Amino acid sequence: MVKRYLSVISLAEARALVERSFPAIPGVVRVPVTAGTVGRITAAPIFARFSVPAIHLSAMDGIAVRSAETLGASEQNPVTLPGAARVNTGNIVPAGYDAVVMIEDVWVDGETYTVRKPVSPWQHIRPVGEDIGESEMILSSHHRIRPQDVGALANYGVTEVDVLNVRAGLIPTGSELVPAGVMPPPGKVVESNTLMAASVLAEAGVEAHRYPIVPDDPDRIRDAVRRGVVENDILLVSAGSSAGTRDYTADIVRDLGEVLAHGVAIKPGKPVIVGRVEGKPVIGLPGYPLAAATVLRELVMPLVARYGLPVREPGHVAARLTTSLQSDIGTDEFVLLSVGKIGDRWVAVPQSRGAGIQMSAVRANGYLRIPEDMEGAEAGKTVDVRLTVPRAEAEEAVLVTGSHDPALDYLADLVRPRGVDIHSTHLGSMGGVIALKKEECHAAPMHLLAPDGTYNTYYLERYMPGADLALLCVAERQQGVISRDGLSFDDLPGRTFINRQKGSGTRMLLDHTLAARGIDPASIPGYGREATTHLAVALAVRTGEADAGMGVYSAAKALDLAFVPVATERYELAMHRAMLDDPGIAALVETVSSAAFKQVLRDLGGYETDETGVLRG
């Protein structure tokens with residue numbers, strides 16, 4: 001029997017439900033004042049145990065005097081002070097003295113001190129409690145402790161503080177799960193959702209506890225939930241929240257307490273469960289990583305904030321969307337984005353929308369909410385992007401859109417220490433040309449073979465006539481047939497194939513070569529199946545999904561596959577020449593020309609570096 005959601009409510013309704021259903025009262029724990037106290041939230045005001053300074057101290061090197069004895073002192077009428085006392089900075093000012101004269105303003109003759117101007121009472125003296133007085137408040141309640149606060153607390157005699165404490169338990173469920181560090185056999189997956197969730201919670205100061213993996217056994221899951229509710233303020237149950245035959249979380253929560261909602265109109269994240277057991281929130285997270293992350297961000301973290309813990313509000317930028325996004329009416333959809341600043345304008349490039357594609361979150365530095373009353377967002381529209389990184393870091397992003405090559409990842413690694421964060425989107429060479437034409441990327445990697453046998457310039461002149469462009473050569477690279485058993489180009493007819501997407505330089509090279517050799521694409525099974533990267537082609541070949549594919553040598557080498565060369569092509573980054581003045585692009589150009597990058601290319605194999613770093617256009 002296939003189960004169905006109990007109900008589907010809107011995101012706004014779900015947030016309101018959580019807010020009115022749980023009082024969100026934090027615990028309080030006493031912790032020692034150490035570096036580990038930073039980030040904790042004070043549960044009550046904290047007061048000084050003693051005054052600082054505890055006695056009058058000299059603020060200067062000089063002499064302690066009775067200020068009244070200096071009255072009338074001048075250049076014409078110097079006053080000698082035989083009773084003055086020599087003091088240094090930080091010394092106790094002797095009783096009966098109420099001022100200090102800097103030694104530079106004193107004429108010293110043996111034990112005799114002479115001054116030529118009067119001093120005011122308490123001049124250059126740090127009086128008792130100048131910094132803080134005994135019983136004075138140091139920090140208020142609900143204050144996030146900073147490094148400077150830790151030093152002050154210690155200086156004022158405070159060795160322990162009471163801080164807010166929220167405990168969250170995380171229970172991973174599923175017989176298909178294996179722990180991190182274990183290579184999952186077919187049909188199994190690594191349990192990573194609770195690790196991610198614990199990291200998100202810990203960043204806000206939540207005490208997160210991950211429980212061992214619980215297989216799909218209702219009795220064992222029920223026992224784990226009972227224990228988790230007793231030991232925590234919030235309980236998150238990962239997976240088992242959908243409507244499949246082995247999704248038990250909703251039934252168990254209903255048995256132990258009540259299910260307040262099963263299904264929220266958000267994408268990704270619809271199968272979320274909001275339950276209550278023993279008065280405590282029990283949230284069922286979907287199993288797909290991006291769905292779980294969305295529920296954490298949109299439902300769980302607002303709840304955490306109500307406990308008084310600091311949940312960082314995202315920064316916002318208004319950015320131009322590069323690709324149209326369709327969305328279902330009635331659902332709040334969240335789309336991960338790579339955003340970067342091109343000139344004085346922000347640009348947003350959507351990442352994959354698959355709920356299981358964790359690399360979309362890794363590659364993204366922002367996200368877009370498409371509200372439930374909209375059918376999507378159109379390309380070219382200015383949208384409100386919420387940043388997942390500080391704005392300064394987002395401003396370091398360099399958007400690279402076009403042809404994929406494994407060398408780009410190594411280039412990104414080499415240039416990162418220089419404050420450049422490369423965000424690559426694999427749309428193929430022609431996709432890069434279009435993005436460059438629209439000024440929706442900083443640079444477009446390409447390797448387009450022209451009818452006259454040249455690379456790249458023919459298409460740039462055709463699609464961007466009159467544009468002032470520069471081409472930076474990354475390398476001349478080998479393209480060829482990737483297979484398990486050394487297939488050549490002429491062996492392709494009748495063999496299953498994995499292709500690259502239309503508009504990619506590799507696809508155009510393939511079609512050019514097929515035509516030159518009189519081979520009909522229809523004779524190649526799988527010709528219509530497309531992959532967006534060279535490594536995806538190589539993986540399809542290694543797993544046996546295809547007998548062969550076209551790709552670069554480095555991808556074949558990485559997966560220990562056979563490679564038969566077909567052509568050597570010029571792989572370049574195209575950019576508007578004005579971009580060369582951009583600090584990020586300048587660093588990129590210098591890095592491409594570096595000995596370190598050329599060595600990387602030689603180590604990867606299949607690249608010729610004689611032209612690497614050459615600018616033309």
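**Figure 1. Overview of the predicted model.** The secondary structure of the protein comes to 16 helices and 38 strands. The radius of gyration is 34 Å, well over the 25 Å that the globule rule gives for 617 residues, so the protein is more spread out than a compact globule. This is a predicted model. Along its principal axes, the C-alpha trace spans about 115 × 70 × 45 Å. Of the 617 residues, 50% count as buried. The exposed surface is about 27,500 Å². Carbon and sulfur atoms supply 52% of that surface. Among contacts with a separation of 6 or more, 76% are between residues 24 or more positions apart. The structure also holds 35 salt bridges. Several of them appear in the close-ups below.

**Figure 2. Salt bridge between R222 and D255.** The closest N and O atoms of R222 and D255 are 3.1 Å apart. This pair links distant parts of the chain. R222 sits in helix α4 (residues 218-231). D255 sits in helix α5 (residues 249-256). The two residues are 33 residues apart. The partners differ in exposure. R222 has 17% relative accessibility, so it counts as buried, the cut-off being under 20%. D255 has 54% relative accessibility, so it counts as exposed, the cut-off being over 50%. Side chains of opposite charge can pair when their charged atoms come close.

**Figure 3. Salt bridge between E231 and R227 in helix α4.** Here the closest N and O atoms of E231 and R227 are 3.1 Å apart. Both residues belong to helix α4. They are separated by about one helical turn because they are 4 residues apart in that helix. E231 is partly exposed, with 31% relative accessibility. R227 is partly exposed too, with a relative accessible area of 45%.

**Figure 4. Salt bridge between D547 and R484.** The closest N and O atoms of D547 and R484 are 3.4 Å apart. The pair links distant parts of the chain, 63 residues apart. Both partners lie in loops. D547 is in the loop between α13 (534-542) and β35 (548-552). R484 is in the loop between β32 (469-483) and β33 (497-500). R484 counts as partly exposed, at 41% relative accessibility.

**Figure 5. Surroundings of N456.** N456 is found in the loop between β31 (444-446) and α11 (457-463). How buried or exposed is N456? N456 has 0% relative accessibility, so it counts as buried. Its side chain reaches two backbone atoms. One is the backbone nitrogen of H447, at 3.4 Å. The other is the backbone oxygen of R570, also at 3.4 Å. Leaving aside neighbours within four places in sequence, N456 is in contact with M446, H447, L448, L471, R570, E572 and R616.

**Figure 6. Salt-bridge network that includes R570, E572 and R616.** Which residues are linked in this network of salt bridges? The members are E476, R570, E572, E611 and R616. Three of these names return from the previous view: R570, E572 and R616 are among the residues in contact with N456. R570 also offers its backbone oxygen to the side chain of N456, at 3.4 Å.

Notes:
Residues are numbered from 1 along each chain as its sequence is written. This is a predicted model: local features need pLDDT of at least 70, side-chain atom pairs count only at pLDDT 80 or more; totals for chains, interfaces and linings use all residues. Side-chain values use heavy atoms; hydrogens and water are left out. A salt bridge is a side-chain nitrogen of Lys or Arg within 4 Å of a carboxyl oxygen of Asp or Glu. Buried means under 20% relative accessible area, exposed over 50%, partly exposed in between (1.4 Å probe, protein chains only). A polar contact is a pair of N or O atoms within 3.5 Å; within protein, one must be able to donate a hydrogen and the other to accept it, and residues adjacent in sequence count only if both atoms are side-chain atoms. Contact means heavy atoms within 4.5 Å. The radius of gyration is taken over C-alpha atoms; the globule rule is 2.2 Å times the number of residues to the power 0.38. Accessible areas come from the Shrake-Rupley method with a 1.4 Å probe; for residues, only the protein chains shown count as cover.
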